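Student: I've got a protein model open and I'm not sure how to read it. Can we go through a few features together?

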Amino acid sequence: MTALKNDRFLRALLKQPVDVTPIWMMRQAGRYLPEYRATRAKAGDFVSLMKNPELACEVTIQPLDRYPQLDAAILFSDILTIPDAMGQGLYFETGEGPRFKKVVSSLADIEALPVTDAEKDLGYVMDAVRTIRRELGGRVPLIGFSGSPWTLATYMVEGGSSKDFRKTKAMLYDNPQAMHALLDKLAQSVTAYLNGQILAGAQAVQIFDSWGGALSAAAYQEFSLAYMKKIVAGLIREHEGRQVPVILFTKGGGLWLESMADSGAEALGLDWTCDIGSARARVGAKVALQGNMDPAVLYAKPEAIRAEVARILAAYGAGSGHVFNLGHGITPEVDPAHAGAFFEAVHELSAQYHQ
């Protein structure tokens with residue numbers, strides 16, 4: 001594999017010295033970019049785009065071509081690839097988001113689910129990772145990812161997105177044995193999936209626990225964090241002569257940072273509701289922190305974006321261990337020029353904290 005020309009993202013995750021705070025953005029390949037919309041139109045729909053390794057590579061690299069400040073690429077895929085490979089039948093309803101043809105509602109349904117094999121069942125993702133690594137040519141590191149077991153379970157039990165997680169939480173409290181059986185199967189699948197991505201060329205991985213924040217404190221520890229810890233313990237941690245850092249991101253997880261920092265992951269992602277300076281004080285030197293600007297700031301004028309970047313950098317303070325990001329994904333209506341102003345501000349204003 002080609003040597004990395006820019007490794008500041010990986011260095012920051014390992015709390016090693018960097019010249020400026022590295023930056024990448026959740027959903028950086030996405031609908032806010034006209035070039036992405038053109039490629040998606042060529043593919044026909046989102047699922048066809050995701051399952052075509054050449055087109056997935058094209059949209060992964062589009063933001064890097066537009067914004068030279070980006071310090072990492074993230075694989076273009078979806079968190080719901082594993083439930084789809086388990087036979088749930090993923091499709092996207094216009095205006096409704098992801099849906100599944102089959103739902104999981106009993107222990108019998110769960111026992112019938114297979115544990116997925118990364119190459120056999122999700123080979124198109126592994127092919128995309130290999131293609132992207134080749135085409136990147138060492139420009140920046142490639143991030144692989146998966147949804148967390150709890151987050152994947154919510155979609156499988158609800159049959160799609162949910163505001164209240166009524167069916168999933170009913171199963172959790174009424175039939176914890178069934179919920180644990182589902183989460184265990186998902187944890188095995190996620191571990192194999194992320195290890196497959198690492199072997200194919202991903203240089204860091206992120207676990208997206210999008211719905212962990214919907215749980216009570218006790219339920220979060222038992223039904224979300226426990227399974228993410230299991231995954232972290234089972235991951236390949238060194239490949240191609242480098243450490244492979246792991247980032248845990250629980251949206252709404254700011255209350256539980258101390259226990260997340262004990263997970264074995266190198267970094268924690270923060271949403272925008274959590275002050276990054278307080279978070280740093282709470283976790284100390286245990287983990288790096290990623291985040292955490294409110295994505296809605298990108299609707300504001302470039303001067304306001306710059307002011308918010310300055311505030312977050314000052315809150316984190318001097319030294320390495322900070323990867324700048326949004327607190328969640330960029331939204332489709334953002335002006336691409338505003339994203340560019342965001343990236344420029346991070347590199348320009350952060351140099352003073354790395355003297």
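**Strands, a helix and a core**

Tutor: Sure, and keep in mind that this model is predicted. Let's start with strand 8 (residues 246–250): five of its five residues are buried, so the strand is largely enclosed by the rest of the structure.

Student: Which way do the residues of strand 8 point?

Tutor: V246, L248 and T250 point one way, while I247 and F249 point the other way, and all are buried.

Student: Which strands does strand 8 pair with?

Tutor: Strand 5 (residues 204–209) runs parallel to strand 8, joined by five bridges. There, L248 is the bridge partner of I207. Strand 9 (residues 267–269) also pairs with strand 8 in the parallel sense, over three bridges, and F249 stands opposite G269.

Student: What about helix 8: how many of its residues are buried?

Tutor: Buried means under 20% relative accessible area. In helix 8, 10 of the 14 residues are buried, so the helix is largely enclosed by the rest of the structure. Among them are Y124, V129, I132 and R133. Helix 8 covers residues 123–136 and reaches 20 Å from its first C-alpha to its last, close to the 20 Å expected. G137 follows, with a positive phi near 55°.

Student: And which residues touch the most other members of the largest nonpolar core?

Tutor: The general idea is that nonpolar side chains tend to be buried together in soluble globular proteins. Here the largest nonpolar core has 127 residues, and F9, M293, V309 and F342 touch the most other members. Helix 11 (residues 176–200) gives the largest share of this core, 11 residues. Leaving aside residues up to four places away in sequence, F342 touches several residues, including I23, M293, V309 and F324.

Note on methods
Residues are numbered from 1 along each chain as its sequence is written. This is a predicted model: local features need pLDDT of at least 70, side-chain atom pairs count only at pLDDT 80 or more; totals for chains, interfaces and linings use all residues. Side-chain values use heavy atoms; hydrogens and water are left out. Helices (H or I, at least four residues) and strands (E, at least two) are DSSP runs, numbered from the N terminus. The expected span of a helix is 1.5 Å times one less than its number of residues. Buried means under 20% relative accessible area, exposed over 50%, partly exposed in between (1.4 Å probe, protein chains only). A nonpolar core is a set of buried Ala, Val, Leu, Ile, Met, Phe, Trp, Tyr and Cys residues joined through side-chain atoms within 4.5 Å. Contact means heavy atoms within 4.5 Å. Two strands pair if DSSP finds at least two bridges between them.
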